[in-house]
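Please walk through this protein model, beginning with a pair of helices and then turning to the cores and to the confidence of the prediction.

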Amino acid sequence: MNLRAKDFPKKRLLAVAVLAAAIITLPALLKTSRIDYNTQVKPILNKKCISCHGGVKQKAGFSLMTREDALAATESGRPAIVPGNPGASEFIRRIESHDPEERMPYREEPLSKDEISILKQWIKEGAPWGAHWAYLPVEQPAVPKPQPRFFGLISPEKNDWVRNDLDWFILDRLQKEGLQPAPEADKATLLRRVSLDLIGMPAPDTLAKMFLKDSSTHAYARLVDSLLASTRFGERWASVWLDLARYADTKGYERDAARFVWRYRDWLIRAFNADMPYDRFLTEQLAGDLMPNPNDAQYIATTFHRNTMTNDEGGTDNEEFRIAAVMDRVNTTWEAIMGTTFACTQCHGHPYEPFRHEDYYRFMAFFNNTRDEDTWEDYPALRHFSIAADSVKFLELQGRLRKTVPPEKAAEIELFIKTWQPACYSIAADSFTNCELYDTKWLTMRNHAVCRLKNIRLEGKNRLIARYWSHLDGGRWTVRLDSPDGPLLFSTAVKNTKGKREILSFDFDRSPETAPPVRNLWFHYENPNLKKPEDAGMSFDWFHFTEPFPGNDKKAEADFWHLLRAESAFTPIMLENPSDMKRETHVFERGNWLVKGKKVEPGVPRIFPEFPANAPKNRLGLAQWLTDKRHPLTSRVLANRLWEQMFGRGLVETLEDFGSQGMAPTHPELLDWLAWRLMHDHQWSMKSLMREIALSATYRQSSRVTPELLERDPDNRLYARGSRVRLNAEQLRDQVLQVSGLLSEKMYGSGVMPFQPYGVWQSPWNGGTWQQSKGEDQYRRAVYTYWKRSSPYPSALTFDGVAREVCVARRIRTNTPLQALVMLNDSVYVEAARHLALKISEEDKNEAVEQQIARLFEKATGQTITAPKLESLKKLYATAVESYRRNPAMRGEMTGCDPRYDAPETAALVLVANAVFNLDEFVCKN
């Protein structure tokens, strides 16, 4: 070979470079890749083994739920898996066996050679276990930005598409897939998209015009900030949380009677508008009553877990349905906040996750000590005085008490005035003679009645305050201790309250220090005026055992009694039992509440971080644990939910299940980056994270799609374009009211009843009827619509709304003919079409019909109409005009039978508006 001398330095340099590269890569080439438990082993175990050897069944004493279980001795006395030695592992012998009575899985398809090879190699490597990705702590991932080259001497390549760090994660994945992101959408599209996402409806005209005219580089950021600051923001995002909170204006079950919880919905709206940090947002809902000196708003926040159903049907067991409510709180906490299935652990160990049967009841113990007991009145409840003067009187009394009595006593009196708690409900009575729990709701006593109220702590107490009612004179109520003929506690003539519930006090001698602190009380009732054996003379609601009002301030005492009896509205809230009423929690054998196993204390599954130091073992401590930045799920679940609401699909599609059976994240590093930013950089600010998402180039992309990209990524999981999403029920209703000019600006207050076809809502038990609201109330936002669990608002249900009997983490979008029928025929949408068409025809009465249709289209969709669409709508208009000329009765359906507008042209324009409401441009976020 003829080489020139001058080529030698270059050849030598090349040889050195090749040698250096070989030295660097050789260890990696020689190294054998290890088996990954989560991606290779666990899918085989879950598919082929767990059903018989998991948390539900553990045949032959062998379980594969955890490494500890898998390596433990089986019924044979030996472990089935010997780490490092597949040949000595019974597990491998069984899956390789040819004997049908020995081979595993038993009487199922055998494992493939590849699957057996993976399991053998895994055991050979020591059978290492791996925690599921969602249960690992959130760590800050590196942003995949281009790095400086050649030892930092050359700057990284610039990318004009990227607008913030979020985009680097998307771009990195797209480049690996050989794809490029889409260009930015036009301003009109961005305006409609971000308005629907942030405030749930098109932006107000003034804001929209300001943005469209603003040509500065910061125009879009200013728009986003204005939308985040809008009071409409809270209404839109409260709607999302209401599904998780299973919010409804009724109690559920058969009677499904009314429940007045709308103040909780208003609390949510205010919390979102104030950008309450998510850690505090959760803490107040889980344990607002346990916070230092809680205010009314913090009490109302706890209604989150009083949205559980109450069974008012006569003859039901109140304890059974109290427990059902407690379990619902457990399941909701896991699904809504941690995105994890936990409910099945009620009956057995989790079939796919490392959660044990006992874990369920340890967690349930956090919620098992609240005062609610499936009562008709939904106690405990926060009282709202009906008269403003009473609220002022309460503040004055509060001030005097805090100056004259110890703080603990003042807090006790204030709580009793505001909640009538702690109280023993009359449904706790038993051992009935000639009395009963009427309809399982109240203790009702007939003549010569006897019953028991057990386990009452009388230590240090000598006054009973009771809420009762009577309709006869001549009654006498006697209370004895420990037995029907035991020592007399007190005996009193019963005031005839004429059937009205009253609160009265009854004094008795203080129990001596030598007496047992907990006593059984036996009630007797006599009334000679009761002539029929079945007639009742006295009924009880609740009992409160206490001491006389402290001090000598007679005005304060008078105000106390006045406020205690004052007229008030009620909001069901959470309250913890006092120490003398504390409940024990036991494991339910196979989930049966009647078969109690061992006693357990509050606790959390061992795979998660330990409780924060010094955190109380109650709901407040639980909230601290959930919002601890070491917790792996809370921040991930929220970041994923915000992403899902803005892109139509979560980075983890199964919002309700981050476990091993849920969908894996499409962009795991991005999810962790968002979760980390939420906790550490944004300090749990939901608005800040939404702003970051909205300002990203990923969010701003055009949703136009090429046939090639549609085939490659039909569901847009790679985010190479803007998401095209069908609007939800609330967005559709709010949008149609907004663009038509019908939408009411009124906020807050009790639920309203907009148009609903007669006969849809039937309430045979309570005789309730749907009373259509008058005036602007029938045009309020969807979040204010009265929600009856057994009969949800029909058009909302058609557009994938949920009954809210249980927590729903994700609505599954559908596209059915019923939805088109609602949009075309529901009076709400027809009236909105009429209002929009009449407004356009009046404002543009001198314009040609083409201009009116074009403006109507732009008003409804925010887009300029294309020539083909304009031509189609003109043809529809012309056909309708001819039809309405021939049939005057038909046009009355469109114009509302108003003689002022009874013209074929007007009716035809209403029909065109109705058709526009049914176009994809209107029902989808493009």
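Helix α25 (residues 729–740) packs against helix α28 (residues 827–843) at an angle of about 25°, and their axes lie 8 Å apart. Helices here are DSSP runs of H or I with at least four residues, numbered from the N terminus; axes are lines fitted to C-alpha atoms over the stretch in contact, with angles from 0 to 180 degrees between N-to-C directions. Because angles under 35 degrees count as roughly parallel, α25 is roughly parallel to α28. On the α25 side the contact (heavy atoms within 4.5 Å) involves L732, R733, V736, V739 and S740, and on the α28 side V828, Y829, A832, H835, L836 and K839.

This is a predicted model, in which local features need pLDDT of at least 70 and side-chain atom pairs count only at pLDDT 80 or more, while totals for chains, interfaces and linings use all residues. Residues are numbered from 1 along each chain as its sequence is written, and side-chain values use heavy atoms, with hydrogens and water left out.

The largest nonpolar core (buried Ala, Val, Leu, Ile, Met, Phe, Trp, Tyr and Cys residues joined through side-chain atoms within 4.5 Å; buried means under 20% relative accessible area with a 1.4 Å probe, protein chains only) has 177 residues. Helix α14 (residues 318–338) supplies its largest share, eight residues. A second, separate core has 55 residues, including W477 and L521.

The average pLDDT (the predictor's confidence in each residue, from 0 to 100) is 92. Residues 15–31 stay under 50 and have zero contacts beyond four places in sequence.

Definitions and conventions:
Buried < 20%, exposed > 50% of the residue type's maximum accessible area, 1.4 Å probe, protein only. Helix = DSSP H or I, 4+ residues; strand = E, 2+ residues; numbered from the N terminus. Parallel < 35°, antiparallel > 145°, perpendicular 65-115°, else oblique.
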